[in-house]
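Grab a pencil and your favourite viewer. Here's a short set of exercises, each with a worked solution.

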Amino acid sequence: MVAVTARGIRLNNPGNLRKVGNWWAWQGLAEDQSDPAFLRFKSPEWGIRALARVLLTYQDKHGCNTVRKIIERYAPNTENDTGAYIVHVTEALHVKPDDAIDMQEYEVVDPLVRTIILHENGSQSYSQATIDDGLRMAGVVRPAGTVATDPKTIVATIAGAATVANQVVTQIEPVWMFFQG
């Protein structure tokens with residue numbers, strides 16, 4: 001049995017953004033735009049950036065500041081089971097459908113983007129680092145002091161810290177030896 005990769009994942013477009021309006025103006029588009037309906041991005045980070053930019057635009061230009069308003073615009077009943085989509089997102093964000101949310105807050109955008117990717121593609125296999133890179137490119141940055149939960153990000157952080165610690169010890173050791181002598 002051959003595994004089928006979701007269209008949004010294949011196109012580096014995990015939000016399944018369509019070719020509408022001035023679609024060719026999106027940053028990070030791949031040269032190959034052979035899909036007739038959906039955008040293809042150079043990498044998942046560019047697709048995640050585009051998804052986050054769409055959500056920020058919904059809030060800033062269209063006043064969509066609740067899960068209900070966002071999902072009704074993003075996934076209309078003509079194409080989706082919008083009610084089920086709203087339930088999925090509200091459960092992930094731990095809010096009610098009409099609670100005000102702020103798309104400028106990382107703590108809102110990160111789980112919202114993750115849930116949209118899961119709902120649109122049937123899976124969400126991107127690392128925290130990939131999600132964070134896409135969000136950062138969209139202008140949404142993880143606040144200082146928050147702890148990563150993705151194992152790949154944790155390992156990379158520990159490895160980086162170990163490298164820095166080794167460099168510090170290497171530089172301090174001769175000074176320490178001088179004072180010991």
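The exercises below start with the whole chain and then go through single residues, a helix pair and a pocket.

**A starting note.** Keep in mind that this is a predicted model.

**Exercise 1. Work out the fold pattern of the chain and what share of its residues is buried.**

Solution.
- Step 1: count the elements. There are seven helices and zero strands.
- Step 2: read them off in sequence order, which gives α-α-α-α-α-α-α.
- Step 3: turn to burial. Of the 181 residues, 39% count as buried.
- Step 4: check the contacts. Take those between residues at least 6 apart in sequence, and 55% of them join residues at least 24 apart.

**Exercise 2. Find Asn12 and Asn16, and say what is notable about their backbone and whether they are buried or exposed.**

Solution.
- Step 1: locate them. Asn12 sits in the loop between α1 (7-10) and α2, and Asn16 lies in the loop between α1 and α2 as well.
- Step 2: look at phi. Asn12 isn't a glycine, yet its phi is positive, about 55°. Asn16 also has a positive phi of about 55° without being a glycine.
- Step 3: apply the cut-off, where buried means under 20% relative accessible area. Asn12 has 17% relative accessibility, so it counts as buried. Asn16 comes in at 15%, so it counts as buried too.

**Exercise 3. Decide whether Pro36 is buried or exposed, and list what it touches beyond its sequence neighbours.**

Solution.
- Step 1: place the residue. Pro36 is in the loop between α1 and α2.
- Step 2: use the exposed cut-off, over 50%. Pro36 has 71% relative accessibility, so it counts as exposed.
- Step 3: look for partners. Leaving out residues up to four places away in sequence, Pro36 touches Arg7 and Lys19.
- Step 4: add a distance. The C-alpha atoms of Pro36 and Arg18 are separated by 9.1 Å, with these positions 18 residues apart along the chain counted as their spacing.

**Exercise 4. Trace the surroundings of two helix residues, Leu56 and Thr90.**

Solution.
- Step 1: start with Leu56, which is in helix α2. Its relative accessible area is 2%, so Leu56 is buried.
- Step 2: list its contacts. Not counting residues up to four places away in sequence, Leu56 touches Met103, Gln104, Ala138 and Val140.
- Step 3: pick one partner. Leu56 and Gln104 are 48 residues apart along the chain, and their C-alpha atoms are separated by 7.3 Å.
- Step 4: move to Thr90 in helix α4 (residues 82-93). With a relative accessible area of 9%, Thr90 is buried.
- Step 5: leave aside neighbours within four places in sequence, and Thr90 is in contact with Val67, Val95, Lys96 and Pro97.

**Exercise 5. Describe how α5 and α6 pack, and which residues make the contact.**

Solution.
- Step 1: set up the geometry. Helix α5 (residues 106-121) and helix α6 (residues 128-138) pack at about 115°, and their axes are 11 Å apart. The crossing of α5 past α6 is right-handed.
- Step 2: name the residues. α5 brings Tyr106, Val109, Asp110, Val113, Arg114 and Ile117, while α6 brings Gln128, Ile131, Asp132 and Leu135.
- Step 3: sort them by class. The contact has six nonpolar residues, one polar and three charged.
- Step 4: think about spacing. Residues three or four places apart in an α-helix point the same way, because there are 3.6 residues a turn.
- Step 5: compare with burial along α6. Its buried residues are Gln128, Thr130, Ile131, Asp132, Gly134, Leu135 and Ala138.
- Step 6: step off the end of the helix. α6 is followed by Gly139, which has a positive phi near 95°.

**Exercise 6. Characterise the largest pocket: how much space lies in it, and which residues line it?**

Solution.
- Step 1: get the volume, about 640 Å³.
- Step 2: go to the centre. The pocket is lined by 21 residues, and the closest to its centre are Leu17, Arg18, Val20, Val54 and Tyr58.
- Step 3: assign helices. α2 (44-62) and α3 (67-74) each supply at least two lining residues, and α2 gives the largest share, with six.
- Step 4: finish with chemistry. The lining has ten nonpolar, four polar and seven charged residues.

Notes. Residues numbered from 1 in each chain as written. Predicted model: local features only at pLDDT ≥ 70, side-chain atom pairs only at ≥ 80, totals over all residues. Heavy atoms only, no water. Axes fitted to C-alpha atoms, helices over the stretch in contact; angles between N-to-C directions. Helix = DSSP H or I, 4+ residues; strand = E, 2+ residues; numbered from the N terminus. Left-handed = near helix turned anticlockwise from the far one by under 90°. Contact = heavy atoms within 4.5 Å. Nonpolar A, V, L, I, M, F, W, Y, C, P; charged D, E, K, R; others polar. 1 Å grid on protein atoms, 1.4 Å probe; cavity = no way out; pocket = protein on both sides within 12 Å on 5 of 7 lines; lining within 4 Å. Points joined across faces, edges and corners; volume = space filled by probe spheres on them. Buried < 20%, exposed > 50% of the residue type's maximum accessible area, 1.4 Å probe, protein only.
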